[in-house]
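Hi,

Here is the model I promised to pass on. Have a look at it first, and then read on for what turned up.

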Amino acid sequence: MFGSTRYPFNFANRNGIPMIETTSVTVGTESVVLNLPNRVFRWLNDKGVILLRLNQPIPEGTTDTLPIVFSSNDYTQALTNVGGTPITVAQIPGAGVYMIYYDKDANLMQLLTTQIA
C-alpha cells in the first residue's frame, strides 16, 4: 500500500517539515481556538509532522483547563497528546514553535513536543 508503514519507510514529509502559522487565538467558554489560514492542509501529505508557529500567545488569565482546538475552513480539530487526552492551556507555555503529528484520515492532531523555539 502506497504511503503505508508496512514498508521500511513512509512518504510523510518527503519534502521537509512544513511550518504552519496561526492567524489569531480566540478564547471561548469551552475551548481556546488557534485559527489557521484557510486550506492550510490542502497540499500536505495525508499524514506527517508539522511545525506550528503560535504567533499570538494565549491571553493571560485564560482558564488553564480549557482544551486547545484548531480552526481552518470553519472546521475545528482538537489537539491531543500521544495518549489521546486533550491538550489544555496549561500545557502550552506561550508563543513559539511546536511539533505536531497530523493524520487527515484519522482526524488526528497530536502534540509531540512542548515549545521548541
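In what order do the 4 strands of the open sheet run, and what is the pairing? The order is β1-β4-β7-β8, and the pairing is mixed. At the edges sit β1 (19–21) and β8, each of which pairs on one side only. On average, neighbouring strands in this sheet are turned by 35° against each other, ignoring direction. Bear in mind throughout that this is a predicted model.

Stepping back to the whole chain: the protein has 8 strands and 0 helices, so if you read the elements from the N terminus you just get β-β-β-β-β-β-β-β. Of its 117 residues, 38% count as buried. Among contacts with a separation of 6 or more, 62% are between residues 24 or more positions apart.

Back in the sheet, β7 and β8 are antiparallel to each other, with 4 bridges between them. If you want a spot to check by eye, Tyr-101 stands opposite Gln-110 in β8.

Now the core. The largest nonpolar core has 23 residues, and the ones touching the most other members are Ile-68, Phe-70, Leu-79, Ile-92 and Ile-100. At least two core residues come from each of β3 (32–35), β4 (47–54), β5 (68–72), β7 (96–103) and β8 (108–111). Ile-68 is a good place to centre your view. Setting aside neighbours within four places in sequence, Ile-68 is in contact with Val-32 and Leu-34, with Ile-58, with Ala-78 and Leu-79, and with Ile-87, Thr-88, Val-89 and Ile-92.

Next, two tyrosines. Tyr-98 is in strand β7 and has a relative accessible area of 2%; the cut-off for buried is under 20%, so Tyr-98 is buried. Its C-alpha atom is 5.6 Å from that of Leu-51, although the two residues are 47 apart along the chain. The Tyr-98 side chain also reaches the backbone oxygen of Gly-94, at 2.5 Å.

The other one is Tyr-102, also buried, with a relative accessible area of 2%. Tyr-102 is part of the 1 aromatic pair that a search of the whole structure finds. Its partner is Phe-41: the ring centres are 5.9 Å apart and the planes are at 50°, so the pair counts as tilted. Why tilted? Planes under 30 degrees apart would be stacked and over 60 edge-to-face, so 50° falls in the remaining class. The pair joins distant parts of the chain, since Phe-41 is in the loop between β3 and β4 while Tyr-102 is in strand β7, 61 residues apart.

Finally, a couple of backbone oddities for you to look at. Which residues other than glycine have a positive phi? Arg-39 is one of them, with phi near 60°, and Asp-74 is another, also with phi near 60°. Arg-39 is found in the loop between β3 and β4, where Phe-41 is located as well. Asp-74 lies in the loop between β5 and β6 (75–78). Are these two buried or exposed? The cut-off for exposed is over 50%, so Arg-39 at 53% relative accessibility counts as exposed, and so does Asp-74 at 82%.

Cheers

Conventions:
Residues are numbered from 1 along each chain as its sequence is written. This is a predicted model: local features need pLDDT of at least 70, side-chain atom pairs count only at pLDDT 80 or more; totals for chains, interfaces and linings use all residues. Side-chain values use heavy atoms; hydrogens and water are left out. A nonpolar core is a set of buried Ala, Val, Leu, Ile, Met, Phe, Trp, Tyr and Cys residues joined through side-chain atoms within 4.5 Å. Buried means under 20% relative accessible area, exposed over 50%, partly exposed in between (1.4 Å probe, protein chains only). Contact means heavy atoms within 4.5 Å. Two strands pair if DSSP finds at least two bridges between them. Axes are lines fitted to C-alpha atoms, for helices over the stretch in contact, and angles run from 0 to 180 degrees between N-to-C directions. Rings of Phe, Tyr and Trp (its six-membered ring) pair if their centres lie within 6.5 Å; planes under 30 degrees apart count as stacked, over 60 as edge-to-face and the rest as tilted. A polar contact is a pair of N or O atoms within 3.5 Å; within protein, one must be able to donate a hydrogen and the other to accept it, and residues adjacent in sequence count only if both atoms are side-chain atoms.
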